[in-house]
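Work through the exercises below with the sequence and the coordinates open. Each task is followed by a solution in steps.

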Amino acid sequence: MLKPLLTAFALVIVGTAPAFAHLDPLEHGSFAAGFSHPLFGLDHILAMVAVGLWAASVGGKALWAVPTAFVATMAVGFGAALLGMPLPFVEPVILASVIFIGVMVALALPLPTVGVAAVVAFFALFHGHAHGGEMGEAGALGYAAGFLAATALLHAVGVAAGVGVGRVLATARGTIATRIAGGLTALGGLWLAISG
C-alpha cells in the first residue's frame, strides 16, 4: 500500500523538479502556455492535487464544490493581477498552501465543505495572482483558459486518487493511504520552502 504511493510521489518530484521553464506563448500559443504553467512547477502540482485529495477525503458535495471554489477564485486572483492590484506574499502563501493543505489531508479533520472551500479559495487567490504576474506576452483569455483547465485537471487527479484509493484499499486502508499522501505533500512543500 505504501510502496505505490511513495513511488508515485517520487516520480512527481523527479519529473517536475527540473522543469521550471514555461512554454513561450508566441511559439506555442496562449492556451498552451497557460495550460503548461501549473504543470511545470512542483508547488502548483502538489497544491492542486492536494486540493482534490482534500475534497475526496471530505466527500459528498465537496467533490465538486471544493475544486470549483479553487478554480473560480483563482480566476479572480488572475484578474486582480491583470488590473495591477498588488497582493503581498504571493510566493510564500503558495508554498504555505502546499504545506497547509497537505497537513489538512493528513489530519483528516471533520470539516464542513463550506469551510474547506473557503480555505482553498483563500489560497487560490494567490495562485491566480501568480499566474497573472507570470503571463508574459500571452493573450489573457487563452492563457487563463489554459491554466484553469490544467488546474481543474490536477484537481480531478487528486479527487480520482482519493476516491479510487478509498475504494480499492477498502475504507480504513484507503483513508490511511490518503492521509499518507497528504503528509507526503506537506513534506514536499517543506522541502520546496527550505530548498528554494
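**Exercise 1. Two loop residues with unusual backbone angles**

Task: Classify A108 as buried, partly exposed or exposed, and give the sign of its phi.

Solution. A108 has a relative accessible area of 34%, so A108 is partly exposed; the classes are buried under 20%, exposed over 50% and partly exposed in between, with a 1.4 Å probe and protein chains only. The model is predicted: local features need pLDDT of at least 70, side-chain atom pairs count only at pLDDT 80 or more, and totals for chains, interfaces and linings use all residues. Residues are numbered from 1 along each chain as its sequence is written, and side-chain values use heavy atoms, with hydrogens and water left out.

Next, locate the residue: A108 sits in the loop between α6 and α7. Helices are DSSP runs (H or I, at least four residues), as are strands (E, at least two), and they are numbered from the N terminus. The phi of A108 is positive, about 50°, although A108 is not a glycine. Most residues other than glycine have a negative phi.

F89 can be handled likewise. Its phi is positive at about 60°, and F89 is not a glycine either. F89 belongs to the loop between α5 (62-82) and α6. With 62% relative accessibility, F89 counts as exposed.

**Exercise 2. The chain as a whole**

Task: State how many helices and strands the protein chain has, and what share of its residues is buried.

Solution. The protein chain has nine helices and zero strands. Of its 196 residues, 44% count as buried. The exposed surface of the chain is about 9,200 Å², 75% of it supplied by carbon and sulfur atoms; areas follow the Shrake-Rupley method with a 1.4 Å probe, and for residues only the protein chains shown count as cover. For contacts (heavy atoms within 4.5 Å) between residues at least 6 apart in sequence, 84% join residues at least 24 apart.

**Exercise 3. Helix α4**

Task: Check the end-to-end distance of helix α4 (residues 42-58) against the expected span.

Solution. The expected span is 1.5 Å times one less than the number of residues. For the 17 residues of α4 this gives 24 Å, and the end C-alpha atoms are 24 Å apart, so the two agree. As for cover, 15 of the 17 residues of α4 are buried. After α4 comes G59, with a positive phi near 75°.

**Exercise 4. Aromatic pairs**

Task: Count the aromatic pairs, then classify F31 with F35 and F100 with F123.

Solution. Rings of Phe, Tyr and Trp (its six-membered ring) pair if their centres lie within 6.5 Å; planes under 30 degrees apart are stacked, over 60 edge-to-face, and the rest tilted. The count by this rule is seven aromatic pairs. F31 and F35 have a centre distance of 6.0 Å and 20° between the planes, a stacked pair. Both are in helix α3 (residues 30-36), four residues apart, about one turn of the helix. An α-helix has 3.6 residues a turn, so residues three or four places apart point the same way. F31 is partly exposed at 43% relative accessibility, and F35 is partly exposed at 26%.

The ring centres of F100 and F123 are 5.8 Å apart and the planes stand at 50°, so this pair is tilted. It links distant parts of the chain, with F100 in helix α6 and F123 in helix α7, 23 residues apart. F100 is partly exposed at 34%, whereas F123 is buried at 8%. F100, F122, F123 and F126 make up one aromatic cluster.

**Exercise 5. Two buried helix residues**

Task: Find what H129 and L148 touch beyond four places in sequence.

Solution. H129 is in helix α7 (residues 113-133) and is buried, at 13% relative accessible area. Its contacts beyond four places include G77, F78, A80 and A81, and also M85, P86, L87 and V90.

L148 is in helix α8 (residues 140-168) and is buried, at 19%. By the corresponding count, L148 touches V71, M74 and A75. The C-alpha atoms of L148 and V71 are separated by 6.3 Å, although the two are 77 residues apart along the chain.
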